[in-house]
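Let's take a look at how charged side chains pair up here, and at what the cysteines are doing. Have the structure open beside you as you read.

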Amino acid sequence: YLQVIRDALTEERVIPYFQGIYDNGEKRFGMYESLMRIADKDGKIYYPDKFLPVAKKYNLYEMLSVVMVKKVMSMFVDSDVHISINLNVRDLYDREMMKVIFGNLDKAAHPENFVFELVESEAVTDYCHLKHFADKIHEKGAKIAIDDFGSGFSNLMHILRIDADYLKIDGEIIRMICHDKKSMQFVGILSSWCSTQETQVIAEFVENSEIQKNIENMGISYSQGYLFSKPQPWQNVREHIIKQ
């Protein structure tokens with residue numbers, strides 16, 4: 001995959017895909033998560049689980065990530081569409097990434113429509129830096145989400161101090177809520193707590209109507225998963241929006 005990654009960087013084949021996030025109150029898509037893909041010269045699409053480990057091993061991750069965020073933010077800088085963007089912990093230490101993010105927020109028509117999802121795929125060693133980034137994002141009018149809540153982020157108290165606008169519950173927990181009492185209780189407690197903090201909850205991996213029914217009964221704001229949409233290029237998403 002190394003050559004595919006290098007070619008994707010030099011030949012502009014880093015491709016944003018988008019998955020709709022369903023607003024359970026409004027009964028429509030309220031947000032779209034941007035997801036990185038790369039393509040080879042024949043147009044074959046590669047998924048992150050294949051190329052990201054290689055990119056990190058050969059110090060190409062930061063380049064890929066900057067290209068991805070730059071593309072997504074430029075696509076929606078003048079738009080009123082709500083878009084979420086994934087950031088790894090190491091992205092927060094990348095100067096070029098910070099220039100891209102805050103430069104685009106400064107000129108965005110609706111900075112409040114950008115949501116930055118913090119993903120702990122790398123160990124967090126400096127929660128102060130994490131909070132500083134989140135505070136600066138909020139100062140610019142944009143929003144913060146904590147991704148995969150319930151699986152990563154070892155220091156819960158530090159995460160709570162970030163004042164996230166959204167918590168995305170880990171998909172493995174959501175998958176079990178129909179048949180595992182503890183998972184159901186955890187999601188219910190989290191939903192109740194978030195409602196007191198004005199934090200909205202997004203349930204990931206909503207794959208069938210039984211899961212969705214439980215999600216709605218617990219008052220969870222948003223659902224994301226194959227029940228509603230699969231990741232696809234923005235052109236396909238736009239066509240779907242127009243047809244609605």
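Start with Arg175 and Glu207, whose side chains come together in a salt bridge, with N and O 2.8 Å apart. This pair ties together distant parts of the chain: Arg175 sits in helix H7, while Glu207 is in the loop between strand E8 (200–203) and helix H9 (209–217), 32 residues away. Keep in mind that this is a predicted model.

Arg175 has another partner too, since its side chain also meets that of Glu172 in a salt bridge, at 2.9 Å from N to O. This one is a local affair: Arg175 and Glu172 are both in helix H7 (residues 171–176), 3 residues apart, or about one turn of the helix.

Now for a pair elsewhere in the chain. Glu62 makes a salt bridge with Arg90, and their closest N and O atoms are 3.5 Å apart. Here again distant parts of the chain are linked, with Glu62 in helix H3 (residues 61–76) and Arg90 in the loop between strand E4 (83–88) and helix H4 (95–107), 28 residues apart.

Are these partners buried or exposed? The table shows where each one falls.

| Residue | Relative accessible area | Class |
|---|---|---|
| Glu62 | 22% | partly exposed |
| Arg90 | 23% | partly exposed |
| Arg175 | 34% | partly exposed |
| Glu172 | 41% | partly exposed |
| Glu207 | 36% | partly exposed |

How many salt bridges turn up in the whole structure? A full search finds 11. Some residues join up beyond simple pairs: Glu33, Glu117, Lys168 and Glu204 are linked in a network of salt bridges. As for the general idea, side chains of opposite charge can pair when their charged atoms come close.

On to the cysteines. How many disulfides does the structure hold? The count is 0. A disulfide is a covalent bond between the sulfur atoms of two cysteines, so distance is the thing to check.

Why is Cys194 without such a bond? The closest cysteine sulfur, in Cys178, is 20 Å from the sulfur of Cys194, which is too far for a bond; the cut-off for a disulfide is 2.5 Å. Cys194 is also buried, with a relative accessible area of 0%. Cys128, on the other hand, is exposed, at 61% relative accessible area.

Technical notes: Residues are numbered from 1 along each chain as its sequence is written. This is a predicted model: local features need pLDDT of at least 70, side-chain atom pairs count only at pLDDT 80 or more; totals for chains, interfaces and linings use all residues. Side-chain values use heavy atoms; hydrogens and water are left out. A salt bridge is a side-chain nitrogen of Lys or Arg within 4 Å of a carboxyl oxygen of Asp or Glu. Helices (H or I, at least four residues) and strands (E, at least two) are DSSP runs, numbered from the N terminus. Buried means under 20% relative accessible area, exposed over 50%, partly exposed in between (1.4 Å probe, protein chains only).
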